[in-house]
Amino acid sequence: MSATTPSTDTDASLLTTPTIESAYREVNGVRLHVVTAGEPDAPLVVLLHGHPDFWYGWRDQIGSLVEAGYRVVVPDQRGCNLSEAPDGIDAYRMSNLVADVRELIRSEGRESAHVVGHDFGAFVAWNVALREPTVVDRLGICNVPHPTVYRETLRSSLRQIARSWYVWFYQFPKLPEWLLRRNGMNNMVATLEVSSNEGTFDDEAIARYQAAWQHTGIEPRINWYRGFRRSERPPRNTVVQPTLICWGEDDVGLVPSMAERSLDYCETGRLRTFPDASHWVHHEREAVTDELLDHLS
């Protein structure tokens, strides 16, 4: 797929959802770009993107959530798009990413919120629920297993070890950044295309992703994975909040058996699987949005 010349506008102006706007929040010592939509006093939903995504990854859900009566807050996580990118690997430990979410919720004048995540954002969402349980009302997960399930599967499944090759590759210094930065970040575009079904990302979307990657560069995103390897485990394994897991069964990076096993670590969990859907299930199946709305209500 060939991309058109990217625009440098990667804020809330990309969408026309009513009341949508961009803002900046100083939370946990970092300046985050945040897209907000919906009435300020409505029930709060925080949407967390993964790699190589930015807030725009939730474009298919924001409007529906607002129409359903929710206040939606979607940050560019630290190191991504228009948010600040602190130096060093330790700035991207899971404890910092979790604290960002906690303080972001408090910046809305709330003590808790519904938290939904995809990809690495789902790892953060799991960890917010496990490390700061009073902060999460209901948990929504798209195509990432419970942290304990992921860790145990890496110990026992050669298939998952092979699929997680990029996690090990990202631990090398400088080389991943060089490979992903070269040739106009074509390898980052390939990451989107290889991990999704044909047509999930059109030329316009690809151009917007390329523009977003230019703001902070590649290194902070790679440091998510380096920081994850340095992070302490959560203090508990069981998620006490009602949890919905939506899973595209054709995920090229994660074996599907981990989805079912993740329910074993949820006091109240429900799994919705989607055959012939990829890692980007929330883009490829409108039913994901319907499931989230039902779960949050």
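**Exercise 1. The surroundings of N127**

Leaving aside its neighbours within four places in sequence, which residues is N127 in contact with?

*Solution.* A word on the source before we start: this is a predicted model.
- Step 1: find the residue. N127 lies in helix 3, which runs over 120–131.
- Step 2: check its cover. The relative accessible area of N127 is 2%. Buried means under 20%, so N127 is buried.
- Step 3: list the partners. With neighbours within four places in sequence left aside, N127 touches M94, V98, E132, P147 and P234.
- Step 4: place one of them. P147 belongs to helix 4, where it is one of the buried residues.

**Exercise 2. The buried side of helix 4**

Work out which residues of helix 4 are buried and what covers them.

*Solution.*
- Step 1: take the residues of helix 4, which are 147–156. The buried ones are P147, T148, V149, Y150, T153 and L154.
- Step 2: look at the cover. It includes helix 3, helix 5, helix 6, helix 9 (219–230) and helix 10 (257–262).

**Exercise 3. A nonpolar patch**

Find the residues that make the nonpolar surface patch, and the elements that give two or more residues to it.

*Solution.*
- Step 1: pick out the residues. L158, I161, W165 and W168 make a patch of about 460 Å².
- Step 2: assign elements. Helix 5 (158–163) and helix 6 (165–169) each give two or more residues to the patch. Helix 5 and helix 6 are also among the elements that cover the buried residues of helix 4.
- Step 3: test one member. W168 sits in helix 6. Its relative accessibility is 33%, so W168 counts as partly exposed.

**Exercise 4. Backbone details worth a second look**

Describe the backbone at P52, N81 and K174, and say where each residue lies.

*Solution.*
- Step 1: start with the peptide bond between H51 and P52, which is cis, with omega about 0 degrees. P52 is in the loop between strand 3 (44–48) and helix 1 (59–67).
- Step 2: turn to N81. Although N81 is not a glycine, its phi is positive, at about 50 degrees. The loop that holds N81 runs between strand 4 (71–75) and helix 2 (94–107).
- Step 3: do likewise for K174. This residue is not a glycine either, and has a positive phi of about 70 degrees. K174 is found in the loop between helix 6 and helix 7 (175–194).
- Step 4: set the accessibilities side by side. N81 has a relative accessible area of 1% and is therefore buried, whereas K174, at 70%, is exposed.

**Exercise 5. The chain as a whole**

Is the protein chain as compact as a globular protein of its length, or less compact?

*Solution.*
- Step 1: count the elements. The chain has twelve helices and eight strands.
- Step 2: compare the radii. The radius of gyration is 18 Å, close to the 19 Å of the globule rule for 297 residues, so the chain is as compact as a globular protein of that length.
- Step 3: add the box. The C-alpha atoms fill roughly 45 × 45 × 40 Å along the principal axes.
- Step 4: bring in burial and contacts. Of the 297 residues, 58% count as buried. Among contacts between residues at least 6 apart in sequence, 75% join residues at least 24 apart.
- Step 5: finish with the surface. The accessible surface comes to about 12200 Å², and 46% of it belongs to carbon and sulfur atoms.

**Exercise 6. The annotated domain**

Describe the stretch that the UniProt annotation covers.

*Solution.*
- Step 1: read the record. An unreviewed UniProt entry gives "domain: AB hydrolase-1" for residues 43–285.
- Step 2: describe the fold content. Over residues 43–285 the chain is 46% helix and 14% strand.
- Step 3: check the ends. The end C-alpha atoms of this stretch are 24 Å apart.

Definitions and conventions: Residues are numbered from 1 along each chain as its sequence is written. This is a predicted model: local features need pLDDT of at least 70, side-chain atom pairs count only at pLDDT 80 or more; totals for chains, interfaces and linings use all residues. Side-chain values use heavy atoms; hydrogens and water are left out. Patches are made of residues with over 30% relative accessible area and no salt bridge: like charges are joined within 9 Å, nonpolar side chains (Val, Leu, Ile, Met, Phe, Trp, Tyr) within 5 Å. Accessible areas come from the Shrake-Rupley method with a 1.4 Å probe; for residues, only the protein chains shown count as cover. A salt bridge is a side-chain nitrogen of Lys or Arg within 4 Å of a carboxyl oxygen of Asp or Glu. Helices (H or I, at least four residues) and strands (E, at least two) are DSSP runs, numbered from the N terminus. Buried means under 20% relative accessible area, exposed over 50%, partly exposed in between (1.4 Å probe, protein chains only). The radius of gyration is taken over C-alpha atoms; the globule rule is 2.2 Å times the number of residues to the power 0.38. Contact means heavy atoms within 4.5 Å. UniProt positions are given in the numbering used here, feature names are shortened, and annotations may be inferred rather than shown by experiment.
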